[in-house]
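Subject: Structure handover

Hello,

Please find below the structure I said I would pass on. My notes on it follow underneath.

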Amino acid sequence: MIIAPALDARLDGLPDYPFARLAKLLGAPARPDSTVMSIGEPQHRPPALVAEVLAANTSSWGKYPPANGPAELRQAVADWAGRRYDLPQGLIDPEKAILPVAGTREALYLIAQTVCGDREGQRPLVLMPNPFYQVYAGAAVMAGAEPVFVPGANGPASQPDFSTLPADLLDRTALAYVCSPANPQGSVADAALLERQVRTARDHGFVLAVDECYSEIWDKVPPPGVLKTCAALGEGLANVLMFNSLSKRSSVPGLRSGVVVGDERVIHAFARLRSYGGAATPLPIAAAAAALWRDEAHVTESNDLYRAKLDVAERVLGGRFGFYRPPGGFFLWLDVGDGEAAAVKLWQEGNIRVLPGAYLAAEDSEEGNPGSRFIRVALVHDLAGTEAALTRLASILGG
């Protein structure tokens, strides 16, 4: 007789991952000729320097990388942050306040394991926007915490404001996720909102995890960052972690290279946890990552292409489907009435794969699912392919 092993019961509390739900909805995998706009996987050509640096560092494949990354990479990140946000010298200690990670999905998930202890004998809470990046919810559930979905302060396309929540709820909060620019809507948290979020985290003793993976893809003005907010407040990096990645900034999602910057005490604890289960960045990849953080020319070139695709989207979709130019990121958040029905129709009639907005949101007791009317469309292909796909989309969905 075989006795089946017990599995962690918390797994039952995980929602199905969006792409698994999409595969079930559409009933068939994407074909080579499909236009896949459901996943935020940049298709811009990676910078040439990546291959050059990897080739120059082949001997390092034979060495175990340090868990906290080489000093060169941490310094490159510190230098980039200082330039990007005009930070004062000394705000970020590369030795203590920076932790390279194997892409930010891993880090956004594992941070909950680090900080979600009991709150005075009560189950901890994890705040997150609604709609949201699904990793936030999975991280909360598997850390034994309760996810709390906070709607946008000004509708489903806006950022939540945690400072407006009841004090007793905030006192139970161990972790709060902010995504700016937001996935999926592209909304940006302005400086005043970021300041309120930081002050709320410090007043109630929780960690504010600010996911800024799309911060370097913007339309009119660079999004403000939480590190700049910390500098303005003059109280160091207490209670704050900033997560960023080269996947979107440099169009290298396969490099799996991200970084966490922030509160030195939390970074120390996080590094200790990751020494057991986190993936260290291989040294050749770390060298390529350092070179990418030091180079802005490829970022400017890529951003210009995203703006050109927004121009196309505005021309093709303007005035329909609630279209607006997202201030950050490369997603369109389109109101199509029924996101699932639209996704099926686009797949069956146009060979276009998009993601229903409901798969990126949780049910609200009063408003229902705030993403149910929407689809998320990723503008990750070349300019001609993007225009052709959006033209088909508009023709099929009407509006």
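To start with one pair of residues: Pro356 stands opposite Ile375 in β12. Please bear in mind throughout that this is a predicted model.

The three-stranded sheet

The pair just named belongs to the link between β11 and strand β12 (residues 374-378), which run antiparallel and are joined by two bridges. These two strands are part of an open sheet of three strands, ordered β9-β12-β11, and its pairing is antiparallel. The edges are taken by β9 (331-335) and β11 (355-356); each has a single partner strand, so one side of each is left without a neighbour in the sheet.

On the other side of the sheet order, β9 is joined to β12 by five bridges, and these strands run antiparallel. Here Asp335 stands opposite Phe374 in β12. Although β9 is an edge strand, four of its five residues are buried, so β9 is largely enclosed by the rest of the structure.

Two helices lie on this sheet. Helix α13 (residues 339-350) lies across β11 and β12, and runs at about 45° to β12. Helix α14 (residues 383-397) lies across β9 and β12, running at about 165° to β12.

The seven-stranded sheet

There is also an open sheet of seven strands, with mixed pairing, in the order β2-β8-β7-β6-β5-β3-β4. Its edge strands are β2 (98-101) and β4 (146-151), each with a single partner strand, so one side of each is left without a neighbour in the sheet. From one strand to the next, the twist averages 20°.

The mixed pairing can be followed strand by strand. Strand β7 (residues 240-245) and strand β8 (residues 258-262) run antiparallel and are joined by five bridges. Met242 has Val261 in β8 as its bridge partner. By contrast, β5 and β6 pair in the parallel sense over five bridges, with Asp211 in β6 as the bridge partner of Cys179. Strand β3 (residues 125-130) and β5 also run parallel, joined by three bridges; the bridge partner of Leu127 in β5 is Ala176.

How well covered is strand β5 (residues 173-179)? Seven of its seven residues are buried, so to speak of it as mostly covered is fair.

Helix α10 and its neighbours

Helix α10 packs on the seven-stranded sheet, where it touches β2, β6 (207-211), β7 and β8; its direction makes about 35° with that of β2.

The same helix also packs against another helix. Helix α4 (residues 104-115) and helix α10 (residues 264-277) meet at an angle of about 105°, and their axes are 10 Å apart. The two are therefore roughly perpendicular to each other. On the α4 side the contact is made by Glu106, Ala107, Leu110, Ile111, Gln113, Thr114 and Val115, and on the α10 side by Val266, Ala269, Phe270, Leu273 and Arg274. These residues divide into eight nonpolar, two polar and two charged.

The nonpolar cores

The largest nonpolar core has 46 residues, and those touching the most other members are Ile92, Leu127, Phe162, Leu208, Leu227, Val261 and Trp293. Helix α3 (residues 71-85) supplies the largest share of this core, seven residues. Two of the names have come up already: Leu127 as the partner of Ala176, and Val261 as the partner of Met242.

What does Phe162 touch, not counting residues up to four places away in sequence? The list is Leu127, Met128, Val150, Leu170, Ala176, Tyr177, Val178, Gln197, Thr200 and Leu208. Apart from the largest core lies another, of 33 residues, with Ala107, Ala112, Ala137 and Ala143 among them.

The loop around Gly152

One glycine rounds off the notes. Gly152 is found in the loop between β4 and α6 (167-172). Is Gly152 buried or exposed? Its relative accessibility is 15%, and the cut-off for buried is under 20%, so Gly152 counts as buried. Leaving aside neighbours within four places in sequence, Gly152 is in contact with Asn130, Ser158, Gln159 and Pro160. For Asn130, 22 residues apart from Gly152 along the chain, the C-alpha atoms of the two are separated by 6.9 Å.

Regards

Technical notes
Residues numbered from 1 in each chain as written. Predicted model: local features only at pLDDT ≥ 70, side-chain atom pairs only at ≥ 80, totals over all residues. Heavy atoms only, no water. Axes fitted to C-alpha atoms, helices over the stretch in contact; angles between N-to-C directions. Parallel < 35°, antiparallel > 145°, perpendicular 65-115°, else oblique. Contact = heavy atoms within 4.5 Å. Nonpolar A, V, L, I, M, F, W, Y, C, P; charged D, E, K, R; others polar. Core = buried A, V, L, I, M, F, W, Y, C linked by side-chain atoms within 4.5 Å. Buried < 20%, exposed > 50% of the residue type's maximum accessible area, 1.4 Å probe, protein only. Pairing = 2+ DSSP bridges.
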